[in-house]
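Please open the structure in a viewer and keep the selection tool at hand. The tour proceeds stop by stop, with a selection to make at each one.

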Amino acid sequence: MPEQLISTEPATGKQLWAGPPGEAGAEVAAARAAAAEWARRSPSYRMETLRRFANVVRKKEQAFATLIARETGKPFWEAQTEVGAVVNKVEISINAFAERTPKRTVEAAMGNKVIVQHKPHGVLAVLGPYNFPAHLPNGHIVPALIAGNAVVFKPSEKTPATGEFLVRCYHEAGVPKGVVRLLVGGPDEGRALAEQADIDGLLFTGSARAGMALHKQFAETPHKILALELGGNNPMVVWNAKDIEAAAAIVAQSGYLSAGQRCTAARRLIVEDGKQGPLLDALTALIDRMIVDEPFAEPPPFMGPVIDNAAADHLQEQWVELMIRGGKPIRRLDRPFEDRPYLTPALIDVTDVRDRPDEELFGPVIQLIRVKSFDDAIAEANNTRFGLAASLLGGSPEQFERFWSEVRAGVINWNKPTNGAPSNAPFGGVGLSGNHRPSAFYAADYCAYPVTSVQGTSIRGGIAQGLRDPNMQED
């Protein structure tokens, strides 16, 4: 790791932020020292502190959105929606805490009570991604703090400035500095944080490859909670859609929003062979109108660049591999500026691709697959190791019920995009998309653990069987 971690703006290549990498052990020690006092605070105290955090972010909305747009390259309007999600997460998490982890009391015989309450784990590590560098880690941190945990947060090495801004907002709202710690760094610091013996769990959002490595690493520490929110190779099936223009708009939104850098983005477009013409005409017309530009351009762009040149290079390599294997481009993946990571929205027919790779192409690429029947469409939707999101556009209610029943995914939509999952519902996937720890509304489940207490008003005890009669003498 270099002496300075540097963040540059994808849209311009200019340096945005620089700072030294942190030390995982020191940050965990600071969080451990502050954890007990924070846990002793009442839930209502912690909730009100987080409400103040929401107000702090609300007052800084323009500055925060500007920073996110500059550091990620996403359009300013989209960065504004991310800041709104950070604010809204507080009340959603408060409601989730009350619904998912309430105190329950059941009256039992002889005046006893059975009480179920929840305790925080202690110190939780949070590893954040670059695509939503504020909203996604905040989705772990807020419920963790409400539950009474201390947090060590390592943002992506590609978005440290946004992570630093987010942590300052917690502190300004009154969350003690020891309770939320910022660890700046790259993969080495992330591994060092995950290896710390004094963390009680790790909450991760990122690639399936990194998630599998963490799963192996935590295999010998079952006493630590591990929540993995990973990627997807998400199918969108369009079947007998009556409104072709609307269907094309939903496909475009699903595949190209955030320059395709969403784990829920539609990667595979599955259509009935021979009937795809009108849909492709409408979709390519939209692609040809899409503005790809810097975040603050006028008119506002639909999408900006991907996060950096390395990501753009990798996507272009994956694109070339699909063509070598037999893919037929319908709209090419072009690089308008050789030295900047701008990519145009791409569409490629991979129906005849040999040994089609089951990979998450984390960018603006949709792969078209033509099938003969609805049975084949469902089979193709399930032709992946991932299982995050899936959507059916068109079809009958009976077909959607079958789609819902047979497709393996944690988010299954009808006549809606694959992306834009609601925060007031659980969010997570199966297969390589997660480890059955759904986030969003269900994040409360992995931020605290249940404790059952049987309580009596007085001590009552006796042994009724298996004792000798004290009045009988032994022979």
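The stops below lead through the domains, the pockets, the cavities and two single residues of this predicted model.

**Stop 1: the two domains**

Begin by colouring the chain by domain. The domain assignment gives domain 1 (5–231 + 433–455) and domain 2 (235–414). The C-alpha centres of domain 1 and domain 2 are 31 Å apart. Where the domains meet, 23 residues of domain 1 are in contact with 25 residues of domain 2.

Next, select residues 9–445. UniProt, in an unreviewed entry, lists this span as "domain: Aldehyde dehydrogenase". Helix makes up 41% of residues 9–445 and strand 19%, and the end C-alpha atoms of the span are 36 Å apart.

**Stop 2: the largest pocket**

Select Gly206, Ser207, Ala208, Arg209 and Ala210. Of the 41 residues that line the largest pocket, these five lie nearest its centre. The largest pocket holds about 1,400 Å³ of space.

Now show the elements around the largest pocket. Helix 7 (187–194), strand 8 (201–205), helix 8 (208–217) and helix 11 (309–324) each give at least two residues to its lining. Which of the elements supplies the largest share of this lining? It is helix 8, with 7 residues.

Colour the lining of the largest pocket by residue class: 20 residues are nonpolar, 11 are polar and 10 are charged. With the domain colours switched back on, note that domain 1 and domain 2 each contribute at least three residues to the lining of the largest pocket.

**Stop 3: the second largest pocket**

Move on to the second largest pocket, which has about 600 Å³ of space. To find its centre, select Phe132, His135, Leu136, Ala421 and Ser423, the closest to that point among the 28 lining residues. Helix 4 (76–100), helix 5 (135–147) and strand 18 (439–440) are the elements that give two or more residues to the lining of the second largest pocket. Helix 4 provides the largest share, 8 residues.

By class, the lining of the second largest pocket has 11 nonpolar, 12 polar and 5 charged residues. Here too, at least three lining residues come from each of domain 1 and domain 2.

**Stop 4: the cavities**

Rolling a probe the size of a water molecule over the atoms shows where empty space is left. In this model, the count comes to 4 cavities of 30 Å³ or more.

The largest cavity has about 80 Å³ of space. Select its lining: Thr72, Gly73, Lys74, Pro75, Tyr130, Asn131, Ser258, Ala259, Gln261, Gly304, Pro305 and Ile307. These residues divide into 5 nonpolar, 6 polar and 1 charged. At least three of the residues that line the largest cavity come from each of domain 1 and domain 2.

The second largest cavity has a volume of about 60 Å³. Among the 14 residues that line the second largest cavity, Pro235, Thr384, Phe386, Gly387 and Arg408 are the closest to its centre. Strand 10 (234–239) and strand 15 (389–394) each supply at least two lining residues of the second largest cavity. Its lining consists of 8 nonpolar, 5 polar and 1 charged residues.

**Stop 5: Ser258**

Return to Ser258, one of the residues that line the largest cavity. Ser258 sits in the loop between helix 9 (244–256) and strand 11 (266–272). Is Ser258 buried or exposed? Its relative accessibility is 8%, and because buried means under 20%, Ser258 counts as buried. Display its contacts as well: leaving aside neighbours within four places in sequence, Ser258 is in contact with Glu78 and Phe132. Phe132 was met at Stop 3, as one of the residues closest to the centre of the second largest pocket.

**Stop 6: Ile348**

Finally, select Ile348, which is located in strand 13 (residues 346–349). Ile348 has a relative accessible area of 0% and is therefore buried. Which residues does Ile348 touch, not counting those up to four places away in sequence? They are Trp319, Leu322, Met323, Gly327, Lys328, Pro329, Ile330, Val365, Ile366, Gln367 and Leu368.

As a last step, draw a distance line from Ile348 to Thr66. Their C-alpha atoms are separated by 34 Å, and the two residues are 282 residues apart along the chain.

Note on methods
Residues are numbered from 1 along each chain as its sequence is written. This is a predicted model: local features need pLDDT of at least 70, side-chain atom pairs count only at pLDDT 80 or more; totals for chains, interfaces and linings use all residues. Side-chain values use heavy atoms; hydrogens and water are left out. On a 1 Å grid over the protein atoms alone, a cavity is a set of points where a 1.4 Å probe fits but cannot get out, and a pocket is an open set with protein on both sides within 12 Å along at least five of seven lines; lining residues have an atom within 4 Å of a point. Grid points are joined across faces, edges and corners, and a volume is the space filled by probe spheres set on the points. Helices (H or I, at least four residues) and strands (E, at least two) are DSSP runs, numbered from the N terminus. Ala, Val, Leu, Ile, Met, Phe, Trp, Tyr, Cys and Pro count as nonpolar, Asp, Glu, Lys and Arg as charged, and the others, Gly among them, as polar. Domain bounds come from an automatic or database domain assignment. UniProt positions are given in the numbering used here, feature names are shortened, and annotations may be inferred rather than shown by experiment. Buried means under 20% relative accessible area, exposed over 50%, partly exposed in between (1.4 Å probe, protein chains only). Contact means heavy atoms within 4.5 Å.
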